[in-house]
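Biologist: Could we go through this protein and DNA model together? I would like to start with the contacts to the DNA.

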There are 2 protein chains.
Amino acid sequence: MKQQDVIAALGALAQDSRLEVFRLLVRTGKEGLAAGDIAQRLGIPASSLSFHLSQLHEAGLVSQRREGRSLIYSADYASMNALMAFLTENCCEGEGCEATAAPRTAGAC
Amino acid sequence: MKQQDVIAALGALAQDSRLEVFRLLVRTGKEGLAAGDIAQRLGIPASSLSFHLSQLHEAGLVSQRREGRSLIYSADYASMNALMAFLTENCCEGEGCEATAAPRTAGAC
DNA sequence: CGGATATTTCGATAAGTGTCGAAATGAAGC
DNA sequence: GCTTCATTTCGACACTTATCGAAATATCCG
């Protein structure tokens, strides 16, 4: 994962509605949710939600499939894992995350 | 860590110069680097860097201490760990991260 | 085809972000 | 106290982001 992709992903998650949407999709699992469902559950106007979903999609964090009239969105776990891997690799090493700050008794991260 | 803090942290990292700065500080370790050093190493004008450092600082990702005339910045590993913990908890569970997508042979995170 | 439903695109607007030179602040040393 | 060095604050600018109603697009069904 290149730094530019990481920035896109971080930027996509760095917004209230979008983080909420993503968390909802993660909780929901790979079956996903229709755009309308998400809008209703989170109380976000359709056009606003559409904007946010496209941001998440461009960042590669969610995938989209059509099912009848609905577009079903679901979290892309592979991307999220790649993001976590990058952060663990590049933002937690170098005598941080391992020894400092958190004692890390077992498998804390 | 509250969702608002997470958003602040993600937003702080979601920018080229800032992610670069943060990675540099993580690599450097807790002794940290003076603002001027960072500016020189990354080729960022002092005033721009100052802006970015304050964003990182507000987000709690870096800490600041004065040493003579210089301000030394260093990565706050505890905050980063808290961020990782939130993401692992809220954005990787629910049959993702564990089983799906990445096979996770061992401790891939 | 025509109507109903789900979602996106458009357009306007308000607010936030990134950039960087110039001026201001803070600390140290003579 | 004056000078020097390190850094921040200010101000101006261009650019991006978030918001949401109205209109357009896509799909299904009878």
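Modeller: A polar contact here is a pair of N or O atoms within 3.5 Å; within protein, one must be able to donate a hydrogen and the other to accept it, and residues adjacent in sequence count only if both atoms are side-chain atoms. This is a predicted model, in which local features need pLDDT of at least 70 and side-chain atom pairs count only at pLDDT 80 or more, while totals for chains, interfaces and linings use all residues. Residues are numbered from 1 along each chain as its sequence is written, chains are lettered from A and ligands numbered from 1 in the order in which they are written, and side-chain values use heavy atoms, with hydrogens and water left out.

Biologist: How far is the polar side-chain atom of Ser50(B) from a phosphate oxygen of DNA strand D?

Modeller: The separation is 3.1 Å. Ser70(B) also places a polar side-chain atom 3.4 Å from a sugar or linking oxygen of DNA strand D.

Biologist: And which side chain has an N or O atom 3.1 Å from a base nitrogen of that strand, DNA strand D?

Modeller: That is the side chain of Ser47(A). Of the DNA strand D atoms within 4 Å of the protein, 65% belong to sugar or phosphate, and the rest to bases.

Biologist: How many residues surround DNA strand D, and which are the closest?

Modeller: There are 22, the closest being Gln15(A), Arg18(A), His52(A), Gly36(B) and Tyr73(B). A residue is near a strand if one of its heavy atoms lies within 4 Å of it.

Biologist: Which element gives the largest share of the surface near DNA strand D?

Modeller: H4(A) does, with five residues. Helices (H or I, at least four residues) and strands (E, at least two) are DSSP runs, numbered from the N terminus. At least two residues each come from helix H4 (46-58) of chain A and, in chain B, from helix H3 (35-42), helix H4 (46-58) and strand E3 (70-75).

Biologist: Turning to DNA strand C, which residues come nearest?

Modeller: Gly36(A), Tyr73(A), Gln15(B), Arg18(B) and His52(B) come nearest, out of 22 residues around DNA strand C. A backbone N or O atom of Ala35(A) is 3.2 Å from a phosphate oxygen of DNA strand C. For sugar or linking oxygens of DNA strand C, a polar side-chain atom of Ser70(A) lies at 3.3 Å, and an N or O atom in the side chain of Gln15(B) at 3.5 Å. H4(B) gives the most to the surface near this strand, namely five residues.

Biologist: Away from the DNA, is Asn90(A) buried or exposed?

Modeller: Asn90(A) is buried, because its relative accessible area is 18%; buried means under 20%, exposed over 50%, and partly exposed in between (1.4 Å probe, protein chains only). Asn90(A) lies in helix H5 (residues 77-91) of chain A, and its side chain makes a polar contact of 2.7 Å with the side chain of Arg23(B).

Biologist: What of the sheet in chain B: in what order do its three strands lie?

Modeller: The order is E1-E3-E2, in an open sheet with antiparallel pairing. Strand E1 (33-34) and strand E2 (62-67) of chain B are at the edges, each with a single partner strand, so one side of each has no neighbour in the sheet. Two strands pair if DSSP finds at least two bridges between them, and two bridges join E1(B) to E3(B).

Biologist: Which residue in E3(B) is the bridge partner of Leu33(B)?

Modeller: Tyr73(B) is that partner.
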